[in-house]
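User: I am new to reading protein models and would like a close look at a single part of this one. Please take me through it slowly, in connected prose.

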Amino acid sequence: MAENSHIATGAIHVHTTDSDGTKTHEEVAAIASEVGLDFVMFADHMTLQSFHDGKEGYYNDLLVLIGYEHNDNDDCNHYLIFDGDEVFPSSMTAAEYVAAAASKGTLGILAHPDEIRGRDARFRSYPWTDWSVTQFDGIELWNQMSEWMENLKFFNQIRMLFSPRKFLRAPTDRIRRKWDELSLKRKIVGIASVDAHGFLYRAGPLKLTIFPYKVQFKTLRTHVMLDRPLSKDLSEAKQQIYSAIRDCRVFISNYRWGEARDFKFTITSQNGSADIGGSLPFTGSATAKITVPLKGKIRLIGNSKVIKEAKARELEYLIKSPGIYRVEVYHGRKGWIFSNHIRLNAPGE
Ligand SMILES: [Zn+2]
Ligand SMILES: [Zn+2]
């Protein structure tokens, strides 16, 4: 059984002054370490300048990793590319840059894939449109900025501006269904993304920074399960984080409802035991075991359907069929923790 007690918690998809963010890497790193994050994965639009300037590394105890966000000519199909060292030509189509990124062995994640906007015509959406692509590693299951913008209406804008964290509900049903459907065929990691810019918002005479970085870092977090503590050596630590993400050893949370680090989800059977991201051959039955740091509404999802729901701190359930299983935990009606899948493979799979 894989040892999963080493959790690294981070913020993924953060912008800086290298593109449309409002703070530098150093300033953002200081804020992230102040709120207790272990790592930040930066992704500015169409540039790896700071990566080439050697800005990856440890800032006190915080690991800074740098990728970038690619977009197509229509400014759609935003794609996060980590673990690479080149920015692909802006003339490429989405299918071309997804394939090019895969051929270089990078870590590629579809950004805000199902984004739609509320009625506010001032803002357009930037969804993923080319679903013929297959070589990506993951998707943003929960993008803070997308959800906030989708819920933004004229009548609620003032309230949403002043308490942005209260409005986060959960990843959309659309994207969870899509993710389950895609994951039946192969492993696809689901991450949380803050898409932090710290930008200025205008509502009539009012002008204020929505989601300052510090507020962002206290909301959606991605927890990565490592088999040993995060190395102090940059290249080693980088591979630990990236390989665990590729391998779906990930759960995500909204920190607003509590620290989620101690969340656990395992499935055991006579064939062994699997943690999040893992798999087991299925021969008759297996037991899912879920432990939550604080009581919440726990949902066990099998092949996209809720198969067990209970308000508890612990849940055990006897699984009788093969498939892909994941867990959702709610605080009231608000989403708190979402795990990646564990696979129970039918004989012959
Ligand atoms: Zn984007
Ligand atoms: Zn972005």
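Analyst:
**A close look at strand 5 and its surroundings**

Of the 349 residues in the chain, buried residues make up 46%. The model is a predicted one, and its chain has 8 helices and 20 strands. If we take the contacts between residues at least 6 apart in sequence, 69% of them join residues that are at least 24 apart.

With that background, we can turn to strand 5, which covers residues 79-82. Tyr 79 and Ile 81 point one way from this strand, while Leu 80 and Phe 82 point the other way, and all of these residues are buried.

Strand 5 has a partner in strand 4, and the two pair in the antiparallel sense over 3 bridges. One bridge from this part of the model can be named by its residues, since Tyr 68 has Ile 81 in strand 5 as its bridge partner. Strand 5 is also joined to strand 6, with which it runs antiparallel, and here there are 4 bridges. In this case Leu 80 has Ile 109 of strand 6 as its bridge partner.

Helix 3, made of residues 94-103, belongs to the same picture, and its residues Ala 94, Tyr 97, Val 98 and Ala 101 are buried. These four lie on the same side of helix 3, because they cover an arc of only 100° around the axis. The buried residues of helix 3 pack against strand 4, strand 5 and strand 6. After helix 3 comes Gly 105, which has a positive phi near 70°.

The loops deserve a look as well, and a general point about the backbone helps here. Most residues other than glycine have a negative phi. Asp 75, however, is not a glycine and has a positive phi, near 60°. Asp 75 sits in the loop between strand 4 (62-70) and strand 5 (79-82). Asp 75 counts as exposed because it has 10 C-beta neighbours inside 10 Å, and the cut-off for exposed is 12 or fewer.

His 112 also has a positive phi without being a glycine, in this case about 25°. Its place is in the loop between strand 6 (107-110) and strand 7 (138-143). His 112 is buried, because 26 other C-beta atoms lie within 10 Å, where 20 or more are needed for a residue to be called buried. The two loop residues with positive phi therefore differ in their surroundings, Asp 75 being exposed and His 112 buried.

Notes. Residues numbered from 1 in each chain as written. Chains lettered and ligands numbered in written order. Predicted model: local features only at pLDDT ≥ 70, side-chain atom pairs only at ≥ 80, totals over all residues. Arc of directions from axis to C-beta. Contact = placed C-beta atoms within 7 Å. Pairing = 2+ DSSP bridges.
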